[in-house]
Amino acid sequence: GVAITGTRNTYTSTGMLAYYATQLARQGLVCMIMAGSPEFVSPHGSTKGVFGTNPITFGIPSANPDPLILDMATAGMTLYGAVTAKATGRALPPGVAIDKHGQPTTSAAAALSGGAFRTWAGYKSDGLSLIVELLASVLPGAAVVGRDFKRAAKNWGNVIIAFDPGLLILQPDEPEGRELPKHAREYVHVGFATASMRWRAYILITFPVFTPTCYLIGPHYSRE
């Protein structure tokens, strides 16, 4: 089936999203994970932090032990990459940050103290960051740019979408033009899930989850 879940009230790093995507993909599920973050990224042509680094991750099952994982920030620099650079005294790569005066800088301290990170593909990555902002923040009820100051609200959102590719891939013994099984059509559940359920029996939408820890590891849905 298809599962969508979100979290809010996260106020520290969600961690490496690739880890969660790997767990899902190893269970044979295609997934997309998005995470909101504070206003540290200036849109193309601006010098003010508006978006978060807003990472997005995809997981694709593979016949090999390791699935295909794409895990990337929608900014030229990750927030905690900059925090680590500041702590270790390393310079940032050229072109990924500006200081509080809008001037290019390789100083992590300057970028984090009133400056901002740049996008990596101009207005194109602005658009991608906006999509992550809307899906990862608006849907689960987290703080949203333009309405809230996320650094103060400490309410960052996350969204996980996962589905069984078998819903779309025709199996060798299945006829063309198949329909969903009768039990899948009849038991479409919308709401807050509290019990384990079979993936292929439900289309599951769950919002909101009030704690930042949520697991979607097949073949069952569970939360902790």
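**Exercise 1. The end of helix H2**

Task: State which residue follows H2 and give its phi.

Solution. H2 is followed by Gly-89. The phi of Gly-89 is positive, near 80°. Helices here are DSSP runs of H or I with at least four residues, strands are runs of E with at least two, and both are numbered from the N terminus.

A word on the model. Residues are numbered from 1 along each chain as its sequence is written. The model is predicted: local features need pLDDT of at least 70, side-chain atom pairs count only at pLDDT 80 or more, and totals for chains, interfaces and linings use all residues, while side-chain values use heavy atoms and leave out hydrogens and water.

**Exercise 2. The two sides of H2**

Task: Find which residues of H2 are buried, and what they pack against.

Solution. Step one: apply the cut-offs. Buried means under 20% relative accessible area, exposed means over 50%, and partly exposed lies in between (1.4 Å probe, protein chains only). Leu-79, Gly-81, Ala-82 and Ala-85 are the buried residues of H2. Step two: look around the axis. These residues cover an arc of only 165°, so they sit on the same side of H2. The arc is taken from the directions that run from the helix axis to the C-beta atoms. Step three: turn to the face away from the buried side. That face carries the exposed residues Ala-87 and Thr-88. Step four: name the partners. The buried residues of H2 pack against helix H3 (108–112) and strand E6 (116–117). A contact means heavy atoms within 4.5 Å.

**Exercise 3. The largest pocket**

Task: Describe the space in the largest pocket and say which element gives the most to its lining.

Solution. Step one: take the volume. The largest pocket holds about 330 Å³ of space. Step two: list the central residues. The lining has 20 residues, and the closest to the pocket centre are Ser-13, Gly-15, Thr-53, Pro-55 and Tyr-80. Step three: assign the elements. Strand E4 (68–72) and helix H2 (79–88) each supply at least two lining residues. H2 gives the most, with three residues.

How is a pocket defined? On a 1 Å grid over the protein atoms alone, it is an open set of points where a 1.4 Å probe fits, with protein on both sides within 12 Å along at least five of seven lines; lining residues have an atom within 4 Å of a point. Grid points are joined across faces, edges and corners, and the volume is the space filled by probe spheres set on the points.

**Exercise 4. Helix H4**

Task: Check the length of H4 and locate its buried residues.

Solution. Step one: compute the span. H4 has 16 residues (123–138), and at 1.5 Å a residue it should span 22 Å. The expected span is 1.5 Å times one less than the number of residues. The end C-alpha atoms of H4 are 21 Å apart, which agrees. Step two: list the buried residues. They are Ser-125, Asp-126, Ser-129, Val-132, Glu-133, Ala-136 and Ser-137. Seen down the axis, the buried residues of H4 fall within an arc of 125°, so they line one face. Step three: find the cover. It includes strand E2 (30–35), strand E3 (56–60), helix H5 (150–153) and strand E7 (156–163). The face turned away carries exposed Tyr-123 and Lys-124.

**Exercise 5. Two asparagines**

Task: Is Asn-54 buried or exposed? Where are Asn-54 and Asn-9 found?

Solution. Most residues other than glycine have a negative phi. Asn-54 has a positive phi of about 40°. Asn-54 is in the loop between E2 and E3, and counts as buried at 0% relative accessibility. Asn-9 has a positive phi near 65°. Asn-9 is in strand E1 (residues 2–10), and is partly exposed at 36%.
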